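The exercises below ask the reader to work through a model step by step, with a worked solution after each task. Please keep the sequence and the coordinates open while reading.

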Amino acid sequence: MTVSLTAETFLLDLTPQSVLDVGSAVFHGVNIAPGFAIPSDGDPRIDKALPGFLFTCGPDHIRHPVPVEGAADGRRYPLHGSLCGHPALDVLIEEDERETVCEGRVPVALANGGMAELVRRWRSDRSTGCVTLDDVIVNSGDTAWPCFGMYHINFGTGLFDEETRLTGAMLPGGSLPWRFDDGDMTIFCVAAAETAKDGWAEIAVGPIASLGGRSVHIRFRTDTLPYLQVWRNQSPGCAVLGIEPVSHRLASRAELIAAGEAPDFAPGESASYCLAFEVR
């Protein structure tokens, strides 16, 4: 089952079976999601999510698997946390001549035995072509745990050429070629909050020739997503660039907790995240 956000210039397929993330993302007739030109990490949940344009990482963990603290049975936090693969419930779609709104909630069983609920709201503006995502994560269990969040926004780099760049105030020099650094695969993470305007950071990917020379502009709120992680993989069979607003710097889970950067998230506590994107 899919749910679509549509306007004159785009068609986004949402996935109620997995968090109402974004599968295909067609702008001006071109699907910019990577499809299967993306590596497998051996986790079926992630293998299903990565080919899409956006999937959500968290809320109990981000990045690669590590042991659950204090678990005697050897449990590990799964790749990119527990959220991916959980179905959305009570999905509601409302449309009028100005916008489409899609809402749903996602109860999540966490690897550490806790519980969370994601309340998600997508909004697409027909006149501007802007798509906005508002998320609220709630600790719905009875134990505290550190809260993490990251949004993977993935592009198929087969659409890029030598003119395509990354542009944003948080980047070194304000701009980088899309194939930054050497080698087939690389990653970096930079602070985005310091250069944000009115609490929002923005990065553009483009121009993309197949989109008529347009660029994809991604904005995110930096009070809860103060960092930007960027990775690319051009290994044989792979062609993907990931733009990833994230709650924490690129460091191990243990280091972040020890440094006080991942405090306990108490029962009933909530955190909100917001991002937006458009092609122009």
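**Exercise 1. Cysteines**

Is cysteine 102 buried or exposed?

Solution. The model is a predicted one, in which local features need pLDDT of at least 70 and side-chain atom pairs count only at pLDDT 80 or more, while totals for chains, interfaces and linings use all residues. Residues are numbered from 1 along each chain as its sequence is written, and side-chain values use heavy atoms, with hydrogens and water left out.

Begin with the scale: buried means under 20% relative accessible area, exposed over 50%, and partly exposed in between, with a 1.4 Å probe and protein chains only. Cysteine 102 has a relative accessible area of 0%, and is therefore buried. Next, apply the disulfide rule, which asks for a pair of cysteine sulfur atoms within 2.5 Å; by this rule the count is 0 disulfides. For cysteine 102, the nearest cysteine sulfur belongs to cysteine 274 and is 15 Å away. For cysteine 238, the nearest cysteine sulfur is that of cysteine 84, at 18 Å, and cysteine 238 counts as buried because its relative accessibility is 15%.

**Exercise 2. The surroundings of cysteine 147**

Determine where cysteine 147 is found and which residues it touches.

Solution. Strands (E, at least two residues) and helices (H or I, at least four) are DSSP runs numbered from the N terminus. On this numbering, cysteine 147 is found in the loop between strand E12 (145-146) and strand E13 (150-156). Its relative accessible area is 13%, so cysteine 147 is buried. Contact means heavy atoms within 4.5 Å; not counting residues up to four places away in sequence, cysteine 147 touches Pro59, Ile137, His248, Pro263, Phe265 and Tyr273. One of these partners, histidine 248, is 101 residues apart from cysteine 147 along the chain, and their C-alpha atoms are separated by 10.0 Å. Another partner, proline 59, has its place in the loop between strand E5 (54-57) and strand E6 (66-67), and the peptide bond from glycine 58 to proline 59 is cis, with omega near -10°. Arginine 63 is also found in the loop between E5 and E6; its phi is near 70°, a positive value in a residue other than glycine.

**Exercise 3. Strand pairing**

Describe the hairpin formed by E1 and E2, and then give the strand order of the open sheet of 9 strands.

Solution. Two strands pair if DSSP finds at least two bridges between them. Strand E1 (residues 3-6) and strand E2 (residues 10-15) run antiparallel and are joined by 4 bridges, with threonine 6 standing opposite leucine 11 in E2, and 3 residues link the two strands as a hairpin. Within E1 the side chains alternate, such that Val3 and Leu5 point to one face and are buried, whereas Ser4 and Thr6 point to the other and are not.

The open sheet has the order E8-E9-E10-E11-E22-E18-E17-E14-E15, with antiparallel pairing. Its edge strands, each of which pairs on one side only, are strand E8 (89-95) and strand E15 (175-177). Neighbouring strands of this sheet are turned by 15° against each other on average, direction ignored, where the axes are lines fitted to C-alpha atoms (for helices over the stretch in contact) and angles run from 0 to 180 degrees between N-to-C directions. At one edge, E8 is joined to strand E9 (residues 99-109) by 5 bridges, and leucine 92 stands opposite glutamate 103 in E9.

**Exercise 4. Glutamate 278 and the core**

Which residues does glutamate 278 touch, and which residues of the largest nonpolar core touch the most other members?

Solution. Glutamate 278 lies in strand E22 (residues 270-279), and counts as buried because its relative accessibility is 17%. Leaving out residues up to four places away in sequence, it touches Thr128, Gly129, Cys130, Ser215, Val216 and His217.

A nonpolar core is a set of buried Ala, Val, Leu, Ile, Met, Phe, Trp, Tyr and Cys residues joined through side-chain atoms within 4.5 Å. Of the 62 residues in the largest such core, Phe53, Trp122, Phe155 and Ile243 touch the most other members. The largest share of this core, 5 residues, comes from E22. Apart from it lies another core, of 8 residues, among them Ile62, Phe148, Ala251 and Ala262.
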